[in-house]
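Please open the structure in your viewer and keep the selection tool at hand. This tour proceeds one selection at a time and describes what is found at each stop.

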Amino acid sequence: MSTRIRIVGAVAAILLAVPGLAAAQATSTLRQAQDSGQAYPSKPLRIIIPFPPGAATDITGRYVAQKLGEVFGQQPIPDNRPGANGTIGLELAAKAPPDGHTLVIGQTGNLAISPGITKVNYDPARDFAPISLLIASPHALAVHPSLPVRSLKDVVSLARSKPGQLNYASTGSGSAGHLGMELLKKATRMDLVHVPYKGAVPGLTDLVAGHVALMFTSALSTASVQRSGKVRVLAVGSLQRSPSLPEVPTIAESGYPGFEVISWWGLLGQAAMPKDIVARLNGEIVKAMASPDAQNRIGALGADIKTTTPEEFAVYIRSEQAKWGQAIKDSGARVD
């Protein structure tokens, strides 16, 4: 290895290790590009999607890619990097150059839950620049139609009359579905038995078959089976009724004010990204997600559009970390 290569490598390592230097370098590079007439982005954006194709995170990421492609005139590259409940993709994004050309879709699990329940090689507050919240989906309390209940109040009464006899499915120990139900159990003083599954599909399959009585999971997961009448959705965890399920009351209006459990997805870059790039991306995303096309396509998924400023998204992530962290502590949840 030549001396020149070793020196360049050492300088690059220092820049990446020190956020302030990295930000200064990224800003300098951006200004040089602008001075030479080269606009941002100078190459196709890479959007890391930390889940497999077809998942809600993937659908969200590809929609964002499409919209940014329309704005910038070159199609971003969706890069699926599934694994470890979405943490592998975030770890990869955290290490990318902070020049605004590598973005990532973060969500409830890999930003607010995983850092509190398992070891991850990133810090949501230190390593990322939140750009905007994108969409949210309330957790929906679904029951098998044979259960003699028509409301959350009925479920609470039945569960209290049969402590430890009703079981509920989740997408795995330590998942949002598991911890969300633990929050609901605490609020309602229900005694339920947890049955973890490896994902939403097998859990819903057993709910439809009547092998479990309840499930508290994202409305995105329950939408199709609810429309078919194979399960009954009794309440949603958003503070206001969901536009995708307007007939279903919230848990808050069912007697538990302030209760909120939702799944959410947002766009982030690296912490050292120049602020003008963050602002530009935020403006384009907010505009795109307010379009009738976005309303129709996202609404069809059973999700609600919820964009924010970068600062609002940062505050929201911190508040979600605190809420889910307390749920982990109270429940003693562990990752399977």
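A polar contact is a pair of N or O atoms within 3.5 Å; within protein, one of the two must be able to donate a hydrogen and the other to accept it. Please note that the model shown here is predicted.

**First stop: Asn80.** Select Asn80, which belongs to strand E2 (residues 77–80). Then display the side chain of Arg62: a polar contact of 2.7 Å connects it with the side chain of Asn80. The side chain of Asp58 also makes a polar contact with that of Asn80, at 2.9 Å. Setting aside residues up to four places away in sequence, Asn80 touches Ile49, Phe51, Pro52, Pro53, Asp58 and Arg62.

**Second stop: the largest pocket.** Phe51 appears again here, since it is one of the residues closest to the centre of the largest pocket, together with Gln107, Thr171, Gly199 and Ala200. The volume of this pocket is about 1,200 Å³, and 48 residues line it. Among the elements that give two or more residues to the lining are helix H3 (56–72), helix H9 (200–209) and strand E7 (214–218).

**Third stop: the nonpolar cores.** Which residues touch the most other members of the largest nonpolar core? Select Leu214 and Trp264, which hold that position among its 50 residues. Helix H13 (residues 310–331) gives the most to this core, namely six residues. Another core, of 26 residues, lies apart from it and includes Tyr40, Tyr63, Ile277 and Ala303. In soluble globular proteins, nonpolar side chains tend to be buried together.

**Fourth stop: helix H11.** Ile277 leads to helix H11, where the buried residues are Ile277, Val278, Leu281, Asn282, Glu284, Ile285, Ala288 and Met289. Select residues 275–289 and consider the length of the helix: at 1.5 Å a residue, its 15 residues should span 21 Å, and the end C-alpha atoms are indeed 21 Å apart, so the two values agree.

**Last stop: backbone details.** Select Tyr40 and Pro41, which are joined by a cis peptide bond with omega of about -5 degrees. Pro41 is in the loop between helix H2 (19–35) and strand E1 (46–49). Next, select Asn85, in the loop between E2 and helix H4 (87–94). Its phi is positive, near 55 degrees, although the residue is not glycine. Is Asn85 buried or exposed? Asn85 counts as exposed because its relative accessibility is 53%, and the cut-off for exposed is over 50%. Finally, select Arg189, in the loop between H8 and strand E6 (193–196). Arg189 has a positive phi of about 60 degrees and is exposed, with a relative accessible area of 62%.

Conventions:
Residues are numbered from 1 along each chain as its sequence is written. This is a predicted model: local features need pLDDT of at least 70, side-chain atom pairs count only at pLDDT 80 or more; totals for chains, interfaces and linings use all residues. Side-chain values use heavy atoms; hydrogens and water are left out. Helices (H or I, at least four residues) and strands (E, at least two) are DSSP runs, numbered from the N terminus. The expected span of a helix is 1.5 Å times one less than its number of residues. Buried means under 20% relative accessible area, exposed over 50%, partly exposed in between (1.4 Å probe, protein chains only). Contact means heavy atoms within 4.5 Å. A nonpolar core is a set of buried Ala, Val, Leu, Ile, Met, Phe, Trp, Tyr and Cys residues joined through side-chain atoms within 4.5 Å. On a 1 Å grid over the protein atoms alone, a cavity is a set of points where a 1.4 Å probe fits but cannot get out, and a pocket is an open set with protein on both sides within 12 Å along at least five of seven lines; lining residues have an atom within 4 Å of a point. Grid points are joined across faces, edges and corners, and a volume is the space filled by probe spheres set on the points.
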